[in-house]
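Let's take a friendly walk through this protein. Keep the picture open while you read.

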Amino acid sequence: MSAMTLERGLAQMGLTLPVDVQTRLLAFAALLQKWNKVYNLTSIRDPGQIVTHHLLDSLALLPQLTGIERLADVGSGGGLPGIPLAIATAGRQPALAISSIETVNKKASFQQQAKIELGLANFTVVNERVENVHPDAPFDAIVSRAFSELADFVGLTQHLLRPGGRFLAMKGVYPHDEIARLPADFRVVEAVPLTVPGLGAERHLIIVEKS
């Protein structure tokens, strides 16, 4: 059932992923379910909903990653959207390297286990508070799915971003109030409505740049 939900959802989103990639995505979903019993990584327990609310929701970001080679995923909890994106782009040229910055030890431990079990060479886990992270090279983009409100997101992570890089904030309904509270030197360059089959809720990707 989950396999069919994933396959159908990808088709509705216009995304084509090889069968082996879909198999790894479902293996990650199973791993998330297994660890969730002990670590409480997500409030969602239903396998079909894990596919729609986590896998497909994360993969909705794929069309926005063109030209990005280094991506930071901040506060990703159970590895979302970072791990599904790493699985989906594993063979991409140019390669996409994803660093997940997660402060909670048990969540970082789960992500590290998923990296090992799924063989994700393009995925790195950083178990640290985001303000204490100083990467060797800056990132092209920083994504947040449930990290915080926009002003906090850009404020806490701007030191990680290269000049001209982008903040990718995954939100529900269009966040008028949060956008109004952005610091004056940040601007929204695009708001992309995301359609996620089976989700039954509004989703938007808010793309922010530092002016």
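## The sheet

Start with one pair of residues: alanine 141 sits opposite arginine 166 in E5. They belong to a stretch where strand E4 (residues 139–144) runs parallel to strand E5 (residues 161–171), with 5 bridges joining the two. Keep in mind that this is a predicted model.

Now zoom out. The open sheet has 7 strands, in the order E3-E2-E1-E4-E5-E7-E6, and its pairing is mixed. At the edges you'll find strand E3 (123–126) and strand E6 (186–193), each pairing on one side only. From one strand to the next, the twist averages 20°.

## Over at E3

E3 and E2 run parallel and are joined by 4 bridges. Here isoleucine 101 stands opposite valine 126 in E3. In a regular strand, side chains alternate between the two faces of the sheet. You can see that along E3: Phe123 and Val125 point to one face and are buried, whereas Thr124 and Val126 point to the other and are not.

## Helices across the strands

Helix H5 (residues 105–118) lies across strand E2 (97–101) and E3, at about 160° to E3. Helix H6 (residues 150–157) lies across strand E1 (70–74), E4, E5, E6 and strand E7 (204–210), and runs at about 150° to E5.

## A buried charge

Which loop holds glutamate 102? It's the one between E2 and H5. Glutamate 102 is buried but has no salt bridge: lysine 107, the nearest side chain of opposite charge, is 5.4 Å away. That is outside the cut-off, because a salt bridge needs the side-chain nitrogen within 4 Å of a carboxyl oxygen.

What does the side chain of glutamate 102 reach instead? One partner is the backbone nitrogen of serine 76, at 3.3 Å, and another is the backbone nitrogen of glycine 77, at 2.7 Å.

## Charges that do pair up

Side chains of opposite charge can pair when their charged atoms come close. The count here comes to 9 salt bridges. One of them links glutamate 131 and arginine 129 (3.0 Å, N to O). Asp57, Arg145 and Arg203 form a network of salt bridges.

Lysine 210 and aspartate 185 also meet in a salt bridge (3.9 Å, N to O). Lysine 210 is in strand E7 and aspartate 185 in the loop between helix H7 (176–180) and E6, so this pair ties together parts 25 residues apart in sequence.

Glutamate 209 and arginine 187 meet as well (3.4 Å, N to O). Glutamate 209 lies in strand E7 and arginine 187 in strand E6, so parts 22 residues apart in sequence are tied together. Glutamate 209 counts as buried, at 16% relative accessibility, while arginine 187 is partly exposed, with a relative accessible area of 43%.

How values were computed: Residues are numbered from 1 along each chain as its sequence is written. This is a predicted model: local features need pLDDT of at least 70, side-chain atom pairs count only at pLDDT 80 or more; totals for chains, interfaces and linings use all residues. Side-chain values use heavy atoms; hydrogens and water are left out. Two strands pair if DSSP finds at least two bridges between them. Axes are lines fitted to C-alpha atoms, for helices over the stretch in contact, and angles run from 0 to 180 degrees between N-to-C directions. Contact means heavy atoms within 4.5 Å. Buried means under 20% relative accessible area, exposed over 50%, partly exposed in between (1.4 Å probe, protein chains only). Lys and Arg count as positive and Asp and Glu as negative; His and the chain ends are not counted. A polar contact is a pair of N or O atoms within 3.5 Å; within protein, one must be able to donate a hydrogen and the other to accept it, and residues adjacent in sequence count only if both atoms are side-chain atoms.
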